Amino acid sequence: MNPQFPHADNLIYLNHAGMGPWPQCTYEAVERFANENLVRGAQHYPRWLRIETELRERLRWLISAKSTDGIAL
């Protein structure tokens, strides 16, 4: 059993970026974000924006884009 995909035993997904099971780490990150939003609301919105900006920059570097303008999350 793959710990990142515990629900996918005996299944093979050809993920085409449209629909597929989330890895366990993705589920946990989304769960943490949702819980923080539930408990704190938008209190940490500036931090969320910084993280989004950093992610766009990392993706820009990864795909050798000239800017982050065309990177959608």
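A residue is called exposed when its relative accessible area is over 50%, buried when that area is under 20%, and partly exposed in between. This convention will serve at several stops of the tour. The structure is a predicted model.

**First view: the whole chain**

Please display the complete chain as a cartoon. It contains 2 helices and 0 strands. With a radius of gyration of 16 Å, well over the 11 Å that the globule rule gives for 73 residues, the chain is more spread out than a compact globule. The C-alpha trace spans about 40 × 35 × 20 Å along its principal axes.

Next, show the surface. The accessible surface of the chain amounts to about 6,500 Å², and carbon and sulfur atoms contribute 58% of that area. Among the 73 residues, 8% count as buried. Among contacts with a separation of 6 or more, 0% come from residues 24 or more positions apart.

**Second stop: the patch around Trp 22**

Select Trp 22, Tyr 27 and Val 30. These residues make a nonpolar surface patch of about 310 Å². Trp 22 itself belongs to the segment before helix H1, which covers residues 24-40. Is Trp 22 exposed or partly exposed? Its relative accessible area is 48%, so Trp 22 is partly exposed, since the exposed class requires over 50%.

**Third stop: helix H1 and its end**

Select residues 24-40, which form helix H1. H1 has 17 residues, and the distance from its first C-alpha to its last is 24 Å, close to the 24 Å expected at 1.5 Å a residue. Move then to Gly 41, just after H1, where phi is positive at about 65°.

**Fourth stop: helix H2**

Select residues 45-62, the extent of helix H2. The 18 residues of H2 should span 26 Å at 1.5 Å a residue, and the end C-alpha atoms are 26 Å apart, which agrees.

**Fifth stop: the salt bridges**

Side chains of opposite charge can pair when their charged atoms come close. Show the charged side chains as sticks; the structure holds 3 salt bridges.

- Select Arg 47 and Glu 36. They form a salt bridge whose closest N and O atoms are 2.4 Å apart. This pair links distant parts of the chain, for Arg 47 lies in helix H2 and Glu 36 in helix H1, 11 residues apart. Arg 47 has 31% relative accessibility and therefore counts as partly exposed.
- Select Glu 52 and Arg 56. Their side chains meet in a salt bridge of 2.8 Å, N to O. Both residues lie in helix H2, 4 residues apart, which is about one turn of the helix. Glu 52 is partly exposed at 30% relative accessibility, and Arg 56 is partly exposed at 21%.
- Select Glu 57 and Arg 60. The closest N and O atoms of this salt bridge are 2.7 Å apart. Because Glu 57 and Arg 60 are 3 residues apart in helix H2, about one helical turn separates them. Glu 57 counts as partly exposed at 37% relative accessibility, as does Arg 60 at 21%.

A general point helps in viewing pairs within a helix. An α-helix has 3.6 residues a turn, so residues three or four places apart point the same way.

**Sixth stop: Ser 64**

Continue past helix H2 to Ser 64, in the segment that follows the helix. What is notable about the phi of Ser 64? The angle is near 55°, a positive value in a residue other than glycine. As background, most residues other than glycine have a negative phi. At 61% relative accessibility, Ser 64 counts as exposed.

**Last stop: Leu 73**

Finally, select Leu 73, which is also placed in the segment after H2. Why does Leu 73 count as exposed? The reason is its relative accessible area of 58%, as the class begins over 50%.

Which residues does Leu 73 touch, leaving aside those up to four places away in sequence? They are Glu 52, Leu 55, Arg 56 and Leu 59. Glu 52 and Arg 56 are already familiar from their salt bridge. To end the tour, place a distance marker between the C-alpha atoms of Leu 73 and Ala 34: these residues are 39 apart along the chain, and the atoms are separated by 17 Å.

Methods
Residues numbered from 1 in each chain as written. Predicted model: local features only at pLDDT ≥ 70, side-chain atom pairs only at ≥ 80, totals over all residues. Heavy atoms only, no water. Patch = residues over 30% accessible without salt bridge, like charges linked within 9 Å, V, L, I, M, F, W, Y side chains within 5 Å. Areas by Shrake-Rupley, 256 points an atom, 1.4 Å probe, with all protein chains shown as cover. Salt bridge = Lys/Arg side-chain N within 4 Å of Asp/Glu carboxyl O. Buried < 20%, exposed > 50% of the residue type's maximum accessible area, 1.4 Å probe, protein only. Expected span 1.5 Å × (residues − 1). Contact = heavy atoms within 4.5 Å. Rg over C-alpha atoms; globule rule 2.2 N^0.38 Å.
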